[in-house]
Amino acid sequence: MRNAPKKSAGSLNADFSQHGRMKTLAGAKSDSRVTDAETFLLPTYKRQPFVLERGKGCYVFDAAGKKYLDFLGGIAVNALGHAHPRIVKAIRREAARAIHFSNLYHNAYQGPLARKLAEWSGLDRVFFCNSGTEAIDGAMKLARLCERTPQDAAGQPSRKHRFLALENSFHGRTYGAISVTATEKYRLPFAPVVPGVEFVRFNNVADLEAKFDDSVCGILLETVQGEGGIYPVSELFWNRARALATEHGALMIADEIQCGLGRTGRYFAYQRFASKPDMAVIAKPLAAGLPLGAILATNKVASYISPGLHGTTFGGGPLVCAAALECLQIIDDEKLLENVRGRGEELKAGLQALAAKFDFIREVRAEGLMLGVHLSVEGAPFVAEAAKRGLLINCTHDHILRLLPAFIVTRAQIREFLKLFSAVLAAVSEKPAAAEITAPVIRPSNKYATAR
Ligand SMILES: Cc1ncc(COP(=O)(O)O)c(C=O)c1O
């Protein structure tokens with residue numbers, strides 16, 4: 001590894017074009033782009049030791065030309081895979097017209113995209129931002145705003161200010177979002193966080209009832225917990241949360257950032273229930289890989305907002321909204337929800353067959369193309385072995401392998417995955433025994449929750 005290079009943009013570009021791109025990797029450590037990343041980036045991620053350069057459909061290719069079957073999909077972003085011709089065409093077309101104006105003007109795509117999202121979600125109004133965490137923060141602000149009384153408006157802390165969120169939740173990295181994120185490693189290092197948040201035991205109706213009162217302004221829940229390891233909220237819990245929110249005048253906020261927009265085989269994961277939330281937040285796949293998030297809300301919520309109370313410079317620009325509109329149209333045109341359901345079932349069945357063969361697989365959890373393989377051992381060696389064999393997956397909570405393939409994945413690619421994954425499981429299990437992990441599978445933790 002070389003010493004830290006000079007930090008001029010010129011030297012970075014020169015390294016990139018002269019040494020990085022053309023070189024076949026003898027080892028990633030000798031790739032100048034990897035050493036630059038290690039030298040100049042904040043160390044926020046443990047990255048796999050290769051440079052990805054391009055993708056096509058469900059495959060990506062690294063700098064050495066090695067091909068990987070991508071079953072992570074950019075962590076649930078690349079629903080249409082890579083380089084979908086219609087997305088490429090829309091981005092090319094719009095980039096040559098206008099990338100950004102400002103939210104002080106209308107653009108050609110924001111209104112039509114909002115209409116489409118209202119039709120898909122059954123909610124009424126949309127606010128566009130740039131990421132999931134921003135959408136969460138905005139939704140929390142809206143929940144506080146809706147429940148403020150005229151006395152509160154003078155700046156006094158509102159009595160009705162508390163948020164409920166669920167244990168094992170993940171909602172993002174900004175201050176609002178970490179405040180409602182239960183996993184301590186994301187929240188505690190940054191304390192004190194937004195006050196007034198309480199965590200409810202997962203799918204535990206008795207605990208929900210005990211913690212709900214008139215001081216709650218909002219309850220946030222991922223309809224299917226993603227980062228937490230693919231745990232769906234139960235119908236019983238959803239219905240009770242809906243009823244309590246209505247009874248106490250609080251807003252129910254569904255975080256559909258990972259599970260929404262088709263991932264579970266429905267436009268929104270909450271559409272398996274009879275009732276709707278007051279707000280839903282989305283992001284990841286919305287603009288086919290470009291950064292775009294959104295808050296979807298009822299007309300009632302919208303009636304509390306007025307110009308100047310919330311905003312964004314970048315959110316909802318013409319280029320991203322054109323890509324998003326095309327993305328949603330492709331999901332409909334190519335009947336991708338059917339594909340999500342069909343391929344999801346095949347993948348789940350294949351994984352269950354592997355679970356019967358490998359006793360360190362404790363459980364397979366699946367909702368459409370959102371799957372978790374819960375291990376009793378450390379997951380990281382499986383991720384590394386998979387990458388070596390040309391397969392991209394990831395691991396959450398140290399022991400849950402997570403699969404989030406593109407909605408366009410084919411039957412043949414599911415078979416290819418199962419073959420590769422089976423070889424990965426066999427190869428790692430033959431290595432010296434990994435430490436057993438004792439973290440339990442989450443179960444609804446009281447009889448009341450399951451019996452009613
Ligand atoms: C359920 C959920 N909420 C919020 C977020 C945060 O989204 P972003 O990374 O776009 O800020 C994520 C990201 O993984 C997520 O899965």
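Which residue stands opposite Lys67 in strand 3? Phe61 does, and the first view below shows the sheet to which strand 3 belongs. The coordinates are those of a predicted model, in which local features need pLDDT of at least 70 and side-chain atom pairs count only at pLDDT 80 or more, whereas totals for chains, interfaces and linings use all residues. Residues are numbered from 1 along each chain as its sequence is written.

**View 1. Strands 1, 2, 3 and 15 form an open sheet with mixed pairing.** The order of the 4 strands is 1-2-3-15, where strands (E, at least two residues) and helices (H or I, at least four residues) are DSSP runs numbered from the N terminus, and where two strands pair if DSSP finds at least two bridges between them. Strand 1 and strand 15 (391-392) are at the edges and have a single partner strand each, so one side of each lacks a neighbour in the sheet. Strand 1 (residues 52-56) runs antiparallel to strand 2 (residues 59-62) and is joined to it by 4 bridges, with Asp62 in strand 2 as the bridge partner of Leu52. These two strands form a hairpin with 2 residues between them, and Gly57 in the turn has a positive phi of about 60°. A further 3 bridges join strand 2 to strand 3 (residues 67-70), again in an antiparallel arrangement. Helix 15 lies across strand 3 and strand 15 and runs at about 105° to strand 3; here axes are lines fitted to C-alpha atoms, for helices over the stretch in contact, and angles run from 0 to 180 degrees between N-to-C directions.

**View 2. Strands 13, 14, 17 and 16 form an open antiparallel sheet.** The edge positions belong to strand 13 (361-367) and strand 16 (394-396), each of which pairs on one side only. On average, neighbouring strands of this sheet are turned by 25° against each other, direction ignored. Strand 13 and strand 14 (residues 370-375) are antiparallel and joined by 6 bridges, and Ala366 stands opposite Leu371 in strand 14. Helix 13 (residues 336-357) packs on the sheet by touching strand 13 and strand 14, and its direction makes about 175° with that of strand 13; residues count as in contact if their C-beta atoms, placed from the backbone, lie within 7 Å.

**View 3. Helix 13 passes helix 15 in a right-handed crossing.** A crossing is called right-handed if the near helix is turned clockwise from the far one by less than a right angle, and left-handed if anticlockwise. The axes of helix 13 and helix 15 (residues 411-430) come within 10 Å and cross at roughly 20°. The two helices are therefore roughly parallel to each other, given that angles under 35 degrees count as roughly parallel, over 145 as roughly antiparallel, 65 to 115 as roughly perpendicular and the rest as oblique. Arg343, Glu346, Leu347, Gly350 and Leu354 in helix 13 meet Arg411, Ile414, Leu418, Phe421, Ser422 and Leu425 in helix 15. By class, the residues of this contact are 6 nonpolar, 2 polar and 3 charged, with Ala, Val, Leu, Ile, Met, Phe, Trp, Tyr, Cys and Pro counted as nonpolar, Asp, Glu, Lys and Arg as charged, and the others, Gly among them, as polar.

**View 4. Helix 12 (residues 318-333) crosses helix 5 (residues 110-121) and also helix 4 (residues 85-95).** The axes of helix 5 and helix 12 come within 9 Å at a crossing angle of roughly 35°, and this crossing is left-handed. Gln110, Pro112, Leu113 and Lys116 in helix 5 meet Cys321, Ala324, Leu325 and Leu328 in helix 12, a contact that divides into 6 nonpolar, 1 polar and 1 charged residues. Helix 4 and helix 12 likewise have axes that come within 9 Å, here crossing at roughly 155°, and are therefore roughly antiparallel to each other. The passage of helix 4 by helix 12 is right-handed. The residues that meet there include Ile87, Ala90 and Ile91 in helix 4 and Leu319, Ala322 and Ala323 in helix 12; the whole contact has 10 nonpolar, no polar and 3 charged residues.

**View 5. The ligand is surrounded by 14 residues.** The closest are Gly132, Thr133, Gly172, Ile257 and Gln258, where a residue is near a molecule if its C-beta atom, placed from the backbone, lies within 6 Å of it. Helix 6 (residues 132-146) supplies the largest share of this shell, 3 residues. The shell divides by class into 4 nonpolar, 7 polar and 3 charged residues.

Notes: Two residues are in contact if their C-beta atoms, placed from the backbone, lie within 7 Å.
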